[in-house]
Amino acid sequence: MAFRFFEESAHVAAYLQYRVTPHELINKIIDFMGPKLQNKFNLAVDVGCGNGKGTVLLAPYFNQVVGTDVSPAQLGLARANSIRQNVSYRQSPAEQLPFESSQVDLVTATTAAHWFDRPRFLKEAERVLKPNGCLALLGNMMDRALEYGDATRFFFSQINK
Ligand SMILES: C[S@@+](CC[C@H](N)C(=O)[O-])C[C@H]1O[C@@H](n2cnc3c(N)ncnc32)[C@H](O)[C@@H]1O
């Protein structure tokens with residue numbers, strides 16, 4: 001079940017204006033991934049991408065970046081503000097991603113995973129990720145339980161070093 005709080009144009013415009021972009025966190029993710037994928041980064045998927053301000057930060061590091069979101073209003077802003085050739089957007093729920101299995105190098109969700117059906121999303125992220133691919137959940141509420149074994153705990157212990 002997807003939550004739909006980002007539907008009104010005034011709401012999404014205010015969000016675009018005041019959202020802080022997570023440059024430093026993106027750099028940490030890339031540093032973390034480098035040795036595992038030998039710096040060959042093909043496809044990143046930013047789930048719950050919203051207006052795409054965080055999505056475009058991935059563009060310099062990947063051949064292709066796809067932002068996904070359930071909100072047409074958010075995706076409309078993302079497309080309108082997109083300046084990167086290798087970034088595109090698709091409407092899709094986090095729990096059913098429009099990618100083949102084992103295709104994606106990095107799945108991110110920035111200030112978004114708390115809205116998802118997390119058990120279904122985590123299973124879906126594992127399906128689309130390549131072996132040694134990376135799932136990065138960024139947000140302000142990481143004291144919430146993550147329900148997928150030790151995988152995400154391991155990641156956060158690494159990235160907080
Ligand atoms: C707080 S915004 C964050 C947007 C963006 N990642 C950022 O950092 O600015 C959360 C986004 O998640 C999207 N969302 C919520 N539930 C979703 C779901 N189940 N599947 C896909 N997107 C979802 C909302 O439409 C919204 O755009």
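# Exercises on a predicted model

Thr68 has contacts with Val45, Asp46, Val47, Gly48, Cys49, Arg90, Ser92, Leu97, Pro98 and Phe99, leaving aside residues up to four places away in sequence. The structure is a predicted model. Work through the exercises in order.

## Exercise 1: Two neighbours in one strand

Locate Thr68 and Asp69, and decide whether each is buried or exposed.

**Solution.**
Step 1. Find the element. Thr68 is in strand β2. Asp69 is in strand β2 as well.
Step 2. Read the accessibility of Thr68. Its relative accessible area is 0%. Buried means under 20%, so Thr68 is buried.
Step 3. Do the same for Asp69. Its relative accessibility is 9%, so Asp69 counts as buried.
Step 4. List the contacts of Asp69. Residues up to four places away in sequence are not counted; the partners are then Gly48, Cys49, Gly50, Gln74, Leu75, Arg90, Gln91 and Ser92.
Step 5. Add a distance. Asp69 and Ala112 are 43 residues apart along the chain, and their C-alpha atoms are separated by 9.6 Å.

## Exercise 2: The whole chain

State how many helices and strands the protein chain has, and give their order.

**Solution.**
Step 1. Count the elements. There are five helices and five strands.
Step 2. Walk from the N terminus. The order is α-α-β-β-α-β-β-α-β-α.
Step 3. Turn to burial. Of the 161 residues in the protein chain, 44% are buried.
Step 4. Look at the contacts between residues at least 6 apart in sequence. Of these, 64% join residues at least 24 apart.

## Exercise 3: Build the sheet

Give the strand order of the open sheet, then name its edge strands.

**Solution.**
Step 1. Set out the five strands. Their order is β3-β2-β1-β4-β5, and the pairing is parallel.
Step 2. Find the edges. They are β3 (87–91) and β5, each of which pairs on one side only.
Step 3. Check the twist. On average, neighbouring strands of this sheet are turned by 20 degrees against each other, direction ignored.
Step 4. Zoom in on one pair. β4 and β5 are joined in the parallel sense over six bridges. Ala109 has Leu137, in β5, as its bridge partner.
Step 5. Place two helices. α4 packs on the sheet and touches β1, β4 and β5; its direction makes about 140 degrees with that of β5. Helix α3 (residues 72–80) lies across β2 (64–69) and β3, and runs at about 165 degrees to β3.

## Exercise 4: One face of a helix

Which residues of helix α4 are buried, and why do they line one face?

**Solution.**
Step 1. List them. In α4 (residues 118–128), the buried residues are Arg118, Phe121, Leu122, Glu124, Ala125 and Val128.
Step 2. Look down the axis. The buried residues of α4 fall within an arc of 165 degrees, so they line one face of the helix.
Step 3. Recall the general rule. An α-helix has 3.6 residues a turn, so residues three or four places apart point the same way.
Step 4. Ask what covers them. The cover includes β1 (43–47), β4 (104–110) and β5 (129–138).

## Exercise 5: An aromatic pair

Describe the geometry of the aromatic pair formed by Phe116 and Phe121.

**Solution.**
Step 1. Count the pairs. There are two aromatic pairs.
Step 2. Take Phe116 and Phe121. Their centres are 4.9 Å apart, and their planes make 65 degrees.
Step 3. Classify. Planes over 60 degrees apart count as edge-to-face, and this pair is edge-to-face.
Step 4. Check burial. Phe116 is buried at 12% relative accessible area. Phe121 is buried at 0%.

## Exercise 6: Cysteines and positive phi

How many disulfides does a search of the whole structure find? Then compare Thr111 and Asn132.

**Solution.**
Step 1. The search finds zero disulfides.
Step 2. Check two cysteines. Cys49 is buried, at 8% relative accessible area. Cys134 is buried too, at 4%.
Step 3. Take Thr111. Its phi is near 50 degrees, a positive value in a residue other than glycine. Thr111 lies in the loop between β4 and α4. Thr111 is partly exposed, at 24%.
Step 4. Take Asn132. Its phi is near 70 degrees, again positive in a residue other than glycine. Asn132 lies in strand β5. Asn132 is exposed, at 52%.

Terms used:
Residues numbered from 1 in each chain as written. Predicted model: local features only at pLDDT ≥ 70, side-chain atom pairs only at ≥ 80, totals over all residues. Heavy atoms only, no water. Buried < 20%, exposed > 50% of the residue type's maximum accessible area, 1.4 Å probe, protein only. Helix = DSSP H or I, 4+ residues; strand = E, 2+ residues; numbered from the N terminus. Arc of directions from axis to C-beta. Contact = heavy atoms within 4.5 Å. Phe/Tyr/Trp six-rings, centres within 6.5 Å; stacked < 30°, edge-to-face > 60°. Pairing = 2+ DSSP bridges. Axes fitted to C-alpha atoms, helices over the stretch in contact; angles between N-to-C directions. Disulfide = S-S within 2.5 Å.
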